[in-house]
Amino acid sequence: MQYTFITLVENKPGVLNRVASLFRRRNFNIESLAVGRTERPEVSRMTIVVDCQGDMDAHKIEANLYKLVNVIDVQDVTQQPAVTRDLALIKVKAGPERRAEINNLAEIFRARIVDVAADSVIVEVTGTEEKIEGMIELLRPVGIMEMVRTGQVAMTRGAYEGTRRTPGATGGGWRDEDESGLAEY
Amino acid sequence: MKLSGAEILWECLVREGVEVVFGYPGGANMPLYDAMLNYPIHHVLVRHEQGGAHMADGYARASGKVGVAMGTSGPGATNLVTGIATAMMDSSPVVFITGQVAAHLIGGDAFQEVDVTGITLPITKHNYLVTRPDEIAEVVREAFYIARSGRPGPVLIDICKNAQIEKTEFVYPEAVHLAGYQPQSHAPATDLEQAVKLLEKAKRPVILCGHGVLMSGAEQVLQHFAVKTNTPVTSTLLGLGGFPASHPLHLGMMGMHGEAHCNLAIQNADLLLAFGMRFDDRVTGTLKTYAPNAKKIHVEIDPSEVHKNVQVDVPLVGDLKNILTDLVPMVDEYDHEEWMQQINEWRSEGDQRSIMAWPEDGKLHVAHLIKDIWNATGGGAIVTTDVGQHQMWTAQYYFLDQPNRWITSGGAGTMGFGLPSAIGAWFAHKDQEIWTIAGDGGFQMTAAELTTAVQEGANVKVAIMNNSFLGMVRQWQEFFFEKRYSAVNMVSPDFVKLADAHGVPARRVTQPEEVAEAIEWARKTTGPVVLEFRVEQEEAVYPMVPAGAALDQMLRRPVRQK
């Protein structure tokens, strides 16, 4: 089953490599990973979709992400009300005679034609994974020349938050602080 | 005041309380070595960077402080890699400092350029590439904090040559701010109550004492807990010394070469209390049949270890010492007399098979030699080992009543670890007796560090158990490959002459009646000493849980007829 994690990381060089390397090393299979800036310049946000056997795998992924010093927060939003979006650009083989047909399809999917050339058009479609898959299926017989997708990005609705399974991240326990701000060990 | 990046590094190391660094100079770290001369930190010139890494590791394990090892860029850094992985697997706090080519050359395949942060990413707790001098102070402060806090581990700092040379204002950061790194030190009270409930119901509980007991300094409180709740304790390889071996509640080592009664106790337990251990495959055997009837309480500082190998009933994430301190007043005295009786029956059966029950047969047996060294040193020496059969025999027969005297490569199983880690331990405790037990194979991997020991006057006693075989591999070939010995016959140099060439006093021991005198001679001789014991060649370590077998499916030593 696909699990979706929202991960906040420090915006520093090499952090994407650390995250990707972790998934490789622990043998987790990334379905998609989208990364970008947030409202805070020092923080980047990743939406990671992973194939998991169950909640135990999800716990492992969360706990391992927290082992990376640059990871600030991990939420599993799989079971939460959330908006997820993927964006695809699809270049379709289409001379003038087929443009109307493609236009109709695009309208149904609330997609847009963003480029028209002599024998091709580029369709831009945004939405859930299922919607984009549906669009692709319909365009395939027409002739897809090239396609690119951003991978999913996700945001929980309203005040909902994702699940945080990792002890230490949940606020159940606590930590000692000394005067210098360093924990005592 | 403006200082060079190199000077800032040493200023920071002095403030971290560093007394000694183990390293090797080269092109990309020469500014660091030049600045070093002005600071009161002792530098040990090693003969190979791997040796330096193990020395820093040994120093860290013996002292409880952060060890420091240095190397230059490229091959200097890659030679450290085995030592870094060793420290990572055994959660040893070591800071590695490597030189790197100048920042503007990075990515251009410059002379001695290697992507060190890339290579060490999966074998460090964290690592840094420093390209500017003004980053150094903060990075060093963070590196030491990360290395020693939470679950300790190695941190690597790769410093570009220009950052070592360029000058900047030196500001020492008073605190460390790491948004995402917040190791939890206490578990919530509700979780503690759940653990107590399991303990109240248990009839056959066993405590699994892991390395975490030593790392968090929980030896005393563990003893309170075990005695109050009347619960027997078995140790992992790295947990030895966390609970006194002579204590009536101590069972011994568990696992692949653990004692039979420990493994039987685990398999028949109804509650496991796993304290600072990670259910490594070497202690569980096959997971399918591991402790099938036991509830499991797991006290662990690293959340990613919880449910990793074994799904547990009550995870308590936090510092072991804090959690046990919180638990002791919550638990009662419980009666486990029947359970102890059962375990002791298993134990006495094992005693009959023990190699210690063997009559004198004119040959040298490693297990007997370990017992002899234990007797001679009163069990109080710091003992480091290499990896293999001698390591298991030392774990089985050098009984430890005190913590932090047992230094061995557990998770990584790194051959060549013994001698350098002993030298490192000597720098932590120059007043104490230090022995390293090595095989003929492992000793040769880092034998060059004998010269380092001479140069530093390190008072370490090297006992080479020479069976002219790679013994553990030979044992596996005997058991599991129909005795088809492949690449395990080993020709060694004359170790006495080799030691002599290094200026190290040495003796060869071939007869049982020479043993006691040779050990005493080594103990009385100041400085490094080598003893070579020509031991029985085809001896096997028992008991043995074959890889992939259940923990109680042990190959046992046949009872020898007297």
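This short presentation goes through the domains, two helix pairs and a few backbone details of a predicted model.

Good morning, colleagues. I shall begin with confidence. Chain A has an average pLDDT of 90, and 90% of its residues score at least 70. One stretch of chain A calls for caution: over residues 178-185 the pLDDT remains under 50. For that stretch the model has 17 contacts beyond four places in sequence. Where pLDDT is low, predicted coordinates should not be read in detail.

Let us turn to the domains of chain A. The domain assignment places domain 1 at residues 2-81 and domain 2 at residues 85-153. Their C-alpha centres are 29 Å apart. How many residues of the two domains are in contact? On the side of domain 1 of chain A there are 6 residues, and these are in contact with 4 residues of domain 2 of chain A. Two elements, β2 (30-37) and β3 (43-51) of chain A, each give two or more residues to the domain 1 side. The largest share of that side, 3 residues, is from β2(A). By character, the residues on the domain 1 side are 3 nonpolar and 3 polar, with no charged residue.

Before leaving chain A, I would draw attention to A:Arg110. This residue is not a glycine, yet its phi is positive, at about 50°. A:Arg110 sits in the loop between α3 (99-108) and β6 (112-116) of chain A.

I now move to chain B. Its division is into domain 1 (2-169), domain 2 (189-347) and domain 3 (364-534). Between the centres of domain 1 and domain 2 of chain B, taken over C-alpha atoms, the separation is 37 Å. Each of these two domains of chain B gives 5 residues to the contact. On the domain 1 side, the residues comprise 1 nonpolar, 2 polar and 2 charged.

Two helix pairs in chain B deserve a closer description. Two packed helices are described by the angle between their axes and the distance between the axes.

The first pair is helix α1 (residues 5-15) and helix α6 (residues 136-148) of chain B, which pack at about 30° with their axes 9 Å apart. Because that angle is under 35 degrees, α1(B) counts as roughly parallel to α6(B). The crossing of α1(B) past α6(B) is right-handed. Which residues make the contact? From α1(B) come B:Gly5, B:Ile8, B:Leu9 and B:Cys12, and from α6(B) come B:Ile136, B:Ala137, B:Val140 and B:Arg141. This contact of α1(B) with α6(B) holds 6 nonpolar residues, 1 polar and 1 charged.

The second pair is helix α15 (residues 366-377) and helix α16 (residues 389-397) of chain B, whose axes come within 9 Å and cross at roughly 45°. That crossing angle makes α15(B) oblique to α16(B). The crossing of α15(B) and α16(B) is right-handed. The α15(B) side of the contact consists of B:Val366, B:Ala367, B:Ile370, B:Lys371 and B:Trp374. These meet B:Gln389, B:His390, B:Trp393, B:Thr394, B:Gln396 and B:Tyr397 in α16(B). The residues of this contact are 6 nonpolar, 4 polar and 1 charged.

My last point concerns a peptide bond. Which residues of chain B does a cis peptide bond join? They are B:Tyr542 and B:Pro543, with an omega of about -15°. B:Pro543 lies in the segment after β20 (529-534) of chain B.

Thank you for your attention.

Methods. Residues numbered from 1 in each chain as written. Chains lettered and ligands numbered in written order. Predicted model: local features only at pLDDT ≥ 70, side-chain atom pairs only at ≥ 80, totals over all residues. Domains from an automatic or database assignment. Contact = placed C-beta atoms within 7 Å. Helix = DSSP H or I, 4+ residues; strand = E, 2+ residues; numbered from the N terminus. Nonpolar A, V, L, I, M, F, W, Y, C, P; charged D, E, K, R; others polar. pLDDT = per-residue confidence, 0-100. Axes fitted to C-alpha atoms, helices over the stretch in contact; angles between N-to-C directions. Parallel < 35°, antiparallel > 145°, perpendicular 65-115°, else oblique. Left-handed = near helix turned anticlockwise from the far one by under 90°.
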